[in-house]
Amino acid sequence: MSKQSHYDVIVAPIITEKSTMVLETGNQVGFKVQPSATKPQIKQAIEALFNVKVKAVNTIVRKGKLKTFKGIRAIQSDTKKAIVTLEPGNSIDIGSGL
């Protein structure tokens, strides 16, 4: 895969209070990924972009929900997240941009 396609697989890091606590203790990082991305594609993209060794990839698909805001009803789109567990000794600095 080319570097451009790695950026197509990984959409954005998940930066929340819970994800930063897990990063400090469990050596795991969360990313928003394309809905069509597979676990091997995600693993390959993370290893190529951040120069780390990935131990495991777990994915979560959140189904879109019907929401109402100021009387307007809309359906949120489906989202896919990947929780990446890194090998011991590897780390990713989410604060630095690529």
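**Threonine 85, the sheet and the core**

Colleague: Why is threonine 85 called buried?

Modeller: In this predicted model, threonine 85 has a relative accessibility of 15%. Buried means under 20%, so threonine 85 counts as buried.

Colleague: What makes the pair of threonine 85 and glutamine 28 a polar contact?

Modeller: Their side chains come to 3.2 Å. The cut-off for such a pair of N or O atoms is within 3.5 Å, so the pair qualifies.

Colleague: Which residues does threonine 85 touch, leaving out those up to four places away in sequence?

Modeller: Threonine 85 touches Asn27, Gln28, Val54, Lys55 and Ala56. Threonine 85 itself lies in strand 6, residues 79–86. Valine 84 touches Asn27, Gln28, Val54 and Ala56, among others, and its list also includes Phe31, Ile42 and Ile46.

Colleague: How do you know that strand 2 and strand 6 pair?

Modeller: Six bridges join strand 2 and strand 6 in the antiparallel sense. Pairing requires at least two bridges, so these strands count as paired. Glycine 30 stands opposite isoleucine 83 of strand 6.

Colleague: What is the strand order of the open sheet, and why are strand 1 and strand 3 called edges?

Modeller: The four strands run in the order 1-2-6-3, with antiparallel pairing. Strand 1 (10–13) and strand 3 each have a single partner strand, so one side of each lacks a neighbour in the sheet. On average, neighbouring strands are turned by 30° against each other, direction ignored.

Colleague: Which strands does helix 3 touch?

Modeller: Helix 3 packs on the sheet and touches strand 1, strand 2, strand 3 and strand 6. The direction of helix 3 makes about 125° with that of strand 3.

Colleague: Which members of the largest nonpolar core touch the most other members?

Modeller: Of its 17 residues, these are Ile10, Phe31, Ile42, Ile46, Val84, Leu86 and Ile92. Two or more residues come from each of strand 2 (28–33), helix 3 (39–50), strand 3 (54–62) and strand 6. Helix 3 gives the largest share, four residues. In soluble globular proteins, nonpolar side chains tend to be buried together.

Colleague: What makes you say that helix 2 is hardly covered?

Modeller: Helix 2 spans residues 17–26, and one of its ten residues is buried. Buried requires a relative accessible area under 20%.

Colleague: What is the sign of phi at asparagine 27?

Modeller: The phi of asparagine 27 is positive, near 60°, and this residue follows helix 2. Asparagine 27 is also among the residues touched by threonine 85 and by valine 84.

Methods: Residues numbered from 1 in each chain as written. Predicted model: local features only at pLDDT ≥ 70, side-chain atom pairs only at ≥ 80, totals over all residues. Heavy atoms only, no water. Buried < 20%, exposed > 50% of the residue type's maximum accessible area, 1.4 Å probe, protein only. Polar contact = N/O pair within 3.5 Å; in protein donor to acceptor, adjacent residues only side chain to side chain. Contact = heavy atoms within 4.5 Å. Core = buried A, V, L, I, M, F, W, Y, C linked by side-chain atoms within 4.5 Å. Axes fitted to C-alpha atoms, helices over the stretch in contact; angles between N-to-C directions.
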